[in-house]
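Work through these exercises with the structure open beside you. Try each task before you read its solution.

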Amino acid sequence: MKRTILLIVIGCLATVLMLGCNSYGTKLEYGKGELYYTKNVTEAEAKKLGDYLTKIKFFEGDRKSVQLDKSGDTYQFRMVVKEGLDKDEKYLTAIPTAALELSKNVFDGAKVEIHLCDDQLKTLKVVPMNG
């Protein structure tokens with residue numbers, strides 16, 4: 001009986017630990033927004049992005065989730081979007097300019113891709129910057 005209870009407790013703890021951990025990275029909160037950053041970027045880079053997004057009022061309105069990652073010399077800005085926006089041509093035409101703005105204002109001219117993602121931050125579409 002004690003062994004069964006111990007196994008149940010250990011199983012519950014393992015489940016809590018698994019649910020509590022995610023692969024999104026370290027979380028920073030900005031108003032109604034959450035910004036995750038991976039081990040491929042520094043906290044300073046993530047805070048610079050968060051401060052910029054706050055300045056342009058990105059985190060106002062509905063709750064927003066984003067993630068900053070980097071692959072090689074390219075920053076990857078992952079953003080959760082409403083279903084279907086990854087296929088909306090009008091919306092997609094503005095994204096490369098937004099990536100260019102992030103490059104200029106946050107990442108000192110480095111390459112930036114914007115990843116349009118589902119609610120689990122899984123990439124649906126990658127949009128590179130203009131220029």
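**Exercise 1. Decide whether Phe59 is buried or exposed.**

Solution. Start with the relative accessible area of Phe59, which is 5%. Then apply the cut-offs: buried means under 20% relative accessible area, exposed over 50%, partly exposed in between (1.4 Å probe, protein chains only). Phe59 therefore counts as buried.

A note on the source: this is a predicted model, where local features need pLDDT of at least 70, side-chain atom pairs count only at pLDDT 80 or more, and totals for chains, interfaces and linings use all residues. Residues are numbered from 1 along each chain as its sequence is written, and side-chain values use heavy atoms, with hydrogens and water left out.

**Exercise 2. Classify the ring pair Tyr30 and Phe59, then place both residues in the chain.**

Solution. Step one is the rule. Rings of Phe, Tyr and Trp (its six-membered ring) pair if their centres lie within 6.5 Å; planes under 30 degrees apart count as stacked, over 60 as edge-to-face and the rest as tilted. A search of the whole structure gives 5 aromatic pairs.

Step two is the geometry. The ring centres of Tyr30 and Phe59 are 5.7 Å apart and the planes meet at 5 degrees, so this pair is stacked.

Step three is the location. Tyr30 sits in strand β1 (residues 26-30) and Phe59 in the loop between α2 and β3, 29 residues apart, so the pair links distant parts of the chain. Helices (H or I, at least four residues) and strands (E, at least two) are DSSP runs, numbered from the N terminus. Tyr30 is buried too, at 14% relative accessibility.

**Exercise 3. Do the same for Tyr75 and Phe107.**

Solution. The ring centres lie 4.0 Å apart and the planes are at 15 degrees, so Tyr75 and Phe107 are stacked. This pair also links distant parts of the chain. Tyr75 belongs to strand β4 (residues 74-80), and Phe107 to the loop between α3 (89-105) and β5, 32 residues apart. Check burial next. Tyr75 has 6% relative accessibility and counts as buried. Phe107, at 5%, is buried as well.

**Exercise 4. Which residues do ring pairs link into a cluster with Tyr30? Which residue lies over the face of Phe58?**

Solution. The cluster consists of Tyr30, Phe58, Phe59 and Phe77. For Phe58, look for a charge over the ring (NZ of Lys or CZ of Arg within 6 Å of the ring centre and within 35 degrees of the ring normal). Lys64 lies there, 5.7 Å from the ring centre of Phe58.

**Exercise 5. Describe the lining of the largest pocket.**

Solution. First, the term. On a 1 Å grid over the protein atoms alone, a pocket is an open set of points where a 1.4 Å probe fits, with protein on both sides within 12 Å along at least five of seven lines; lining residues have an atom within 4 Å of a point. Next, the volume: about 270 Å³. A volume is the space filled by probe spheres set on the points, which are joined across faces, edges and corners.

Now list the lining. Among its residues are Phe58, Asp62, Arg63, Lys64 and Tyr91. β3 and β4 each supply at least two lining residues. Sort them by class: 6 nonpolar, 1 polar and 4 charged. Here Ala, Val, Leu, Ile, Met, Phe, Trp, Tyr, Cys and Pro count as nonpolar, Asp, Glu, Lys and Arg as charged, and the others, Gly among them, as polar.

**Exercise 6. How many residues of each class line the second largest pocket?**

Solution. This pocket has a volume of about 200 Å³. Its lining holds 13 residues; Leu53, Ile56, Phe58, Ala98 and Leu102 lie nearest its centre. α2, β4 and α3 each give two or more residues. The largest share, 6 residues, is from α3. By class, the lining has 12 nonpolar, no polar and 1 charged residues.

**Exercise 7. Compare Lys57 and Leu121: is each buried or exposed?**

Solution. Most residues other than glycine have a negative phi. Lys57 has a positive phi of about 65 degrees, and the phi of Leu121 is near 60 degrees. Lys57 lies in the loop between α2 (43-55) and β3 (64-71), Leu121 in the loop between β5 (111-117) and β6 (123-128). Lys57 is exposed at 54%, whereas Leu121 is buried at 9%.
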